[in-house]
Amino acid sequence: LLHCIRTDLSHTFPTPTVCFTKSDSLNSPSTLFSSSFEKVLKGTESLLASSLIAFSSFFISMLPIIELRGAIPFATAIGVPPLTAYVISIIGNMVPVPLIFLFASKFLHWGKDKAYIGKMCHFFLEKGYRAGEKLENKAGFGLFIALTLFVGIPIPGTGAWTGSLAASLLGINIKKGTIAVLAGVLLAGIIMMVVSLGALSFLTA
């Protein structure tokens, strides 16, 4: 009798069977967490790499002599989008300008007779005065336009640093001088971007 009851129960209530498929293992909490963590890690690495490249371009554009003439070709060569490279380089190139207007002339005149920095100060003073003479010679167009063109034509001896120093030595108003330098930097950036993209397309053709 017991045997019959057990047999009937086994037919009536069969023992459930649990099956684990590959999709279940892929959707397990630990697998999902691992996948999400890998995505976050890759995104963080990409963000850090992009930030490092942007900072490098920004820093290069702040340097005297090099300025955006070196920053824009560097940025485009390593794959920074043209507009991003242009904006970063412009901002970096303009950062020192107000400081040059406010302090460069005073510091250079103070340091020209000092033992360790005298030669360097003399060098920059002479460079600034020569640039000032060029500006005055072109002042027939107006000193504002002359300063803009001096900064905007990216050749050796010009640029935001030299233009700002020359303007401060000539006693140009800091507000007008900064606007003229900014206009020149924007122009120089466009020229360097066109040259850089042209050279890059030629080399990769």
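**Exercise 1. Determine how helices α6 and α10 are oriented to each other.**

Solution. Helices α6 and α10 are oblique to each other. The steps below show where this comes from in the predicted model.

Step 1. Locate the elements: α6 covers residues 97–111, and α10 covers residues 174–204.

Step 2. Take the geometry. The two helices pack at an angle of about 140°, and their axes lie 10 Å apart.

Step 3. Apply the cut-offs. Angles over 145 degrees would count as roughly antiparallel, and 65 to 115 as roughly perpendicular. An angle of about 140° fits neither range, so the pair α6 and α10 is classed as oblique.

Step 4. Add the handedness: the crossing of α6 and α10 is right-handed.

Step 5. Name the residues that meet. On the α6 side they are V97, P98, F101 and L102, and on the α10 side I174, G177, T178 and V181.

**Exercise 2. Describe the surroundings of F101, and state whether F101 is buried or exposed.**

Solution.

Step 1. F101 is part of helix α6.

Step 2. The relative accessible area of F101 is 10%. Buried means under 20%, so F101 is buried.

Step 3. List the contacts, leaving aside neighbours within four places in sequence. F101 touches S164, A167, S168, I172, N173, I174, G177, T178 and V181. Among them, I174, G177, T178 and V181 are the residues of α10 that take part in the packing with α6.

Step 4. Compare sequence and space for one pair. F101 and W161 are separated by 60 residues in sequence, while their C-alpha atoms are 9.6 Å apart.

**Exercise 3. Carry out the analysis for A104 in helix α6.**

Solution.

Step 1. A104 has a relative accessibility of 17% and therefore counts as buried.

Step 2. Outside the neighbours within four places in sequence, A104 is in contact with L99 and L165.

Step 3. From A104 to W161 there are 57 residues in sequence and 9.9 Å in space, C-alpha to C-alpha.

**Exercise 4. Work out the orientation of α4 and α10, and find which residues form the contact.**

Solution.

Step 1. The angle between α4 and α10 is about 40°, with the axes 9 Å apart.

Step 2. Angles under 35 degrees count as roughly parallel. The pair is at about 40°, so α4 and α10 are oblique to each other. Their crossing is right-handed.

Step 3. The contact involves L68, R69, I72, P73, T76 and A77 from α4, together with V185, A188, G189, M192, M193, S196, L197 and L200 from α10.

Step 4. Look at burial in α4, residues 67–77: E67, L68, R69, A71, I72, A75 and T76 are buried.

Step 5. Look just past the end of α4, where G79 has a positive phi of about 95°.

**Exercise 5. Find how far helix α5 reaches and which of its residues are buried.**

Solution.

Step 1. Helix α5 has 13 residues, numbered 82–94.

Step 2. From first to last C-alpha, α5 reaches 18 Å, close to the 18 Å expected at 1.5 Å a residue.

Step 3. The buried residues in α5 are A85, Y86, I88, S89, I90, G92, N93 and M94.

**Exercise 6. Summarise the protein chain as a whole: how many helices and strands does it have?**

Solution.

Step 1. The chain contains 10 helices and 0 strands.

Step 2. Of its 205 residues, 32% count as buried.

Step 3. Among contacts with a separation of 6 or more, 68% join residues 24 or more positions apart.

Step 4. The accessible surface is about 13300 Å², and carbon and sulfur atoms make up 73% of that surface.

Methods: Residues numbered from 1 in each chain as written. Predicted model: local features only at pLDDT ≥ 70, side-chain atom pairs only at ≥ 80, totals over all residues. Heavy atoms only, no water. Helix = DSSP H or I, 4+ residues; strand = E, 2+ residues; numbered from the N terminus. Buried < 20%, exposed > 50% of the residue type's maximum accessible area, 1.4 Å probe, protein only. Contact = heavy atoms within 4.5 Å. Areas by Shrake-Rupley, 256 points an atom, 1.4 Å probe, with all protein chains shown as cover. Expected span 1.5 Å × (residues − 1). Axes fitted to C-alpha atoms, helices over the stretch in contact; angles between N-to-C directions. Left-handed = near helix turned anticlockwise from the far one by under 90°.
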